[in-house]
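I wanted to see how the ligand sits in this protein, so I opened the model and took notes. Here is what I looked up.

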Amino acid sequence: MKLQEYQGKELFKRVGIAVNEGRVATSPEEAEAIARALGFPVVIKAQVLVGGRGKAGGVKLAASPEETRAQAARILGMVIKGERVEKLLVARAAEIAQEFYLGITLDRAKRMPVMIFSPAGGMEIEEVAKARPEAIFRFHVHPLEGPHPYQIRNLLLRAGIDKGLQSQFASLFNKLYQAFTQYQANLVEINPLALTPAGELVAVDAKFIIDDDALPRLGELASWRDAGSESPQERAAREAGLNYVKLDGNIGIIGNGAGLVMATLDLVAALGGKPANFLDIGGGARAAQIEKALEIVLSDPQVEGLFLNIFGGITRCDEVARGLVEAWKKLQAKLPLVVRLTGTNEEEGRAILEAQGISPVREMEEGARRIVELVR
Ligand code: GDP
Ligand code: MN
């Protein structure tokens with residue numbers, strides 16, 4: 001689960017990381033009231049879950065009530081990388097002498113968290129990482145030991161951080177690591193981490209991705225999911241216990257088992273098609289779940305064809321066929337449909353489909369080829 005910046009900053013505050021104080025507004029008037037209470041200048045920031053808000057014009061400073069209202073009105077309703085802005089964070093503008101980058105993520109290859117730091121933080125960090133990789137510093141953290149003081153000192157030394165600032169940085173590294181573990185994150189990021197002219201470190205931005213599987217252990221955090229930032233399909237899938245990920249293409253994909261669905265996406269893409277989604281109905285799905293899955297995929301207006309790829313093991317082909325036939329009738333679907341069905345109760349399943357004029361294929365590649373041609 002990705003958190004909005006204002007939510008991430010709330011967690012930062014709980015572990016003692018300084019942030020620039022702010023509150024959420026949903027209208028220009030509210031933004032103005034918050035700004036007046038905080039004092040000027042303020043920064044007005046689109047609360048969306050995509051990066052690059054600054055470059056898209058979704059982060060603006062305002063020095064007066066009038067400017068706050070005008071900027072808030074402009075940013076509310078903007079669409080940034082497909083996400084409509086419905087909330088703003090109005091925060092006291094930090095004075096920035098230098099922008100740093102500090103993040104922690106999981107290095108899956110090493111099976112350890114990795115701490116990443118750069119004295120060249122800010123909006124160009126991706127470019128810095130490409131053009132000047134030597135300006136990015138990192139060390140791995142042993143998950144049972146946490147970051148050792150010598151690792152932090154060594155990194156700060158290599159990064160050329162002033163002696164006078166090192167203990168402040170070290171304390172911040174430790175607090176961020178605490179946030180990372182306490183809230184079971186896959187990623188935490190402060191970019192920019194601002195050094196003020198007065199020599200204080202302030203988290204001006206917050207990015208937080210929490211491991212979904214940890215949410216049941218995290219109490220109230222589970223309810224922080226931002227309803228507005230989830231597509232109707234994603235929401236319905238989550239509520240039905242289905243694994244669904246929206247993609248950009250036009251071929252709906254449903255299969256049983258994450259590996260099979262991923263292989264299906266790859267195959268369809270390799271044959272020139274564009275998958276519209278990932279949807280894994282899991283093992284042993286019953287007819288009702290198949291119906292739900294179809295409903296979700298077909299409610300995406302971008303979908304122009306559907307490929308259902310079932311390898312029956314625990315999942316029974318006749319159950320899948322029954323669910324498919326029911327849903328197809330109920331939804332009055334008229335799109336091209338390709339079904340690949342093999343495995344447990346295959347013959348029963350095929351008979352059900354053939355009675356409805358649907359003839360399933362046996363091989364995955366044949367099915368992928370067919371749906372790509374039908375949608376083209
Ligand atoms: P992002 O572009 O989505 O990562 O949004 P950020 O919160 O990182 O803001 C983008 C840029 O706006 C930052 O890199 C800063 O340069 C600038 N900015 C954001 N907040 C402040 C602030 O409080 N004071 C000042 N002076 N600049 C800010
Ligand atoms: Mn940022």
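I began with the domains: the assignment, automatic or from a database, splits the protein chain into domain 1 (21–92), domain 2 (98–222) and domain 3 (230–375). The C-alpha centres of domain 1 and domain 3 are 42 Å apart.

Housekeeping: this is a predicted model, where local features need pLDDT of at least 70 and side-chain atom pairs count only at pLDDT 80 or more, while totals for chains, interfaces and linings use all residues. Residues are numbered from 1 along each chain as its sequence is written, chains are lettered from A and ligands numbered from 1 in the order written, and side-chain values use heavy atoms, leaving out hydrogens and water.

Next I looked at ligand 1. I found 16 residues around it, with Lys45, Arg53, Gly54, Ala94 and Glu99 the closest; to count, a residue needs a heavy atom within 4 Å. Domain 1 and domain 2 each give at least three residues to this shell. Strand E2 (42–46) and strand E10 (185–195) each supply at least two; strands are DSSP runs of at least two residues, numbered from the N terminus.

Then I checked polar contacts (N or O pairs within 3.5 Å). A polar backbone atom of Gly54 is 2.8 Å from an oxygen of ligand 1. For Asn191, a backbone N or O atom is 3.1 Å from a ligand 1 oxygen. Asp205 uses a side-chain N or O atom, also 3.1 Å from an oxygen of ligand 1. On its own, ligand 1 exposes 560 Å², and the protein buries 84% of that (Shrake-Rupley, 1.4 Å probe).

Key: A polar contact is a pair of N or O atoms within 3.5 Å; within protein, one must be able to donate a hydrogen and the other to accept it, and residues adjacent in sequence count only if both atoms are side-chain atoms. Helices (H or I, at least four residues) and strands (E, at least two) are DSSP runs, numbered from the N terminus.
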